[in-house]
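These are my notebook entries from going through one structure, written down in the order in which I looked things up.

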Amino acid sequence: MHVGRPVLRALRATVFAVACVLASLTLHMLAGGAQVRPVTLGLALALTWAGAYLLGRRQRGGELLLAASFAAQYGMHHLFTAGAVPVAAPVAAHGHGDGLGNGLGMFLMHTVVAVISAWWLERGECALALLAHLAVASVGGLWARLFVLLTATPETGSTGLAPVEDEGTLAPRAPFVTIVSRRGPPLVLSVH
């Protein structure tokens, strides 16, 4: 199973979008931001999902994921600010960007979410790719073993022995087949 398949990409993007947007919204509100409308939250989820889906075609490096996470947090901050539920108190009382205290706090909150999101994505992508590789390797080996066992049954007339070409005798057939997959350039064999 390849991690870039559409169904798996959509599932990964959904999990990431929900976790990232909810963490961002929570910390945005803790830093002094107002509550957002449900439509704004839905828009943030859809945009984050789309970005995660597009980036999920293949495994990405940490630098690209960090840049994408910062861009997403910057966009979410402005989206949450524009889509805030109107309140009776003035916006300046909520500290959006005017003073160093809350403006800096808002910046730090979104920065924390961006760094954690990028780290989580990179670690999660590595873990998912490893799990998918192990699952495919395990299932592939299982099918090969099953095929060998099923082809050596008495119903098919097989004796479980394979002919040896040079002696004309029969040698025992191995019950399991081992498949070794190595990455890298092929070995160069010298002929003397």
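I began with α3, working on a predicted model, and checked its length: the helix has 21 residues and reaches 30 Å from its first C-alpha to its last, close to the 30 Å expected at 1.5 Å a residue. I then listed the buried residues of α3, which are L65, S69, Q73, M76, H77 and F80. These residues cover an arc of only 110° around the axis, which puts them on the same side of α3. On the other side of α3 I found E63, A71, Y74 and A82, which are exposed.

I kept in mind the general rule that an α-helix has 3.6 residues a turn, so residues three or four places apart point the same way.

Next I picked out A67, which also lies in helix α3. Its relative accessibility is 46%, and because the exposed class starts only over 50%, A67 counts as partly exposed. I looked up its distance to A118, which is 51 residues away along the chain, and the two C-alpha atoms are separated by 8.3 Å.

I repeated the length check on α2, where 18 residues at 1.5 Å a residue should span 26 Å, and the end C-alpha atoms are indeed 26 Å apart, which agrees. The buried residues of α2 are T40, A44, T48 and A52. Seen down the axis of α2, they fall within an arc of 100°, so they line one face of the helix. The face turned away from that buried side carries P38, V39 and L54, which are exposed.

I then searched the whole structure for aromatic pairs, and the search gave two. One that I noted is formed by W49 and Y53, a stacked pair with 5.1 Å centre to centre and 15° between the planes. Both residues lie in helix α2, four residues apart, which is about one turn of the helix. W49 has a relative accessibility of 31%, so I entered W49 as partly exposed.

From α1 I took V21, which is found in that helix. V21 counts as buried because its relative accessibility is 0%. I also looked up V21 against G42: they are 21 residues apart in sequence and 9.6 Å apart in space, C-alpha to C-alpha.

Which helix gives the most to the lining of the largest pocket? I turned to that pocket, whose volume is about 550 Å³, and found that α3 gives the most, with nine residues. The lining has 31 residues, and R12, A13, F16, A52 and L121 are those that lie nearest the centre of the pocket. A52 I had already entered among the buried residues of α2. At least two lining residues come from each of α1 (6-30), α2 (38-55), α3 (62-82) and α4 (100-151). By residue type, I noted that the lining divides into 18 nonpolar, eight polar and five charged residues.

Last, I recorded the overall layout of the chain, in which there are four helices and two strands. From the N terminus on, the elements run α-α-α-α-β-β. Of the 192 residues of the chain, 24% count as buried.

Definitions and conventions
Residues are numbered from 1 along each chain as its sequence is written. This is a predicted model: local features need pLDDT of at least 70, side-chain atom pairs count only at pLDDT 80 or more; totals for chains, interfaces and linings use all residues. Side-chain values use heavy atoms; hydrogens and water are left out. On a 1 Å grid over the protein atoms alone, a cavity is a set of points where a 1.4 Å probe fits but cannot get out, and a pocket is an open set with protein on both sides within 12 Å along at least five of seven lines; lining residues have an atom within 4 Å of a point. Grid points are joined across faces, edges and corners, and a volume is the space filled by probe spheres set on the points. Ala, Val, Leu, Ile, Met, Phe, Trp, Tyr, Cys and Pro count as nonpolar, Asp, Glu, Lys and Arg as charged, and the others, Gly among them, as polar. The expected span of a helix is 1.5 Å times one less than its number of residues. Buried means under 20% relative accessible area, exposed over 50%, partly exposed in between (1.4 Å probe, protein chains only). The arc is that of the directions from the helix axis to the C-beta atoms. Rings of Phe, Tyr and Trp (its six-membered ring) pair if their centres lie within 6.5 Å; planes under 30 degrees apart count as stacked, over 60 as edge-to-face and the rest as tilted.
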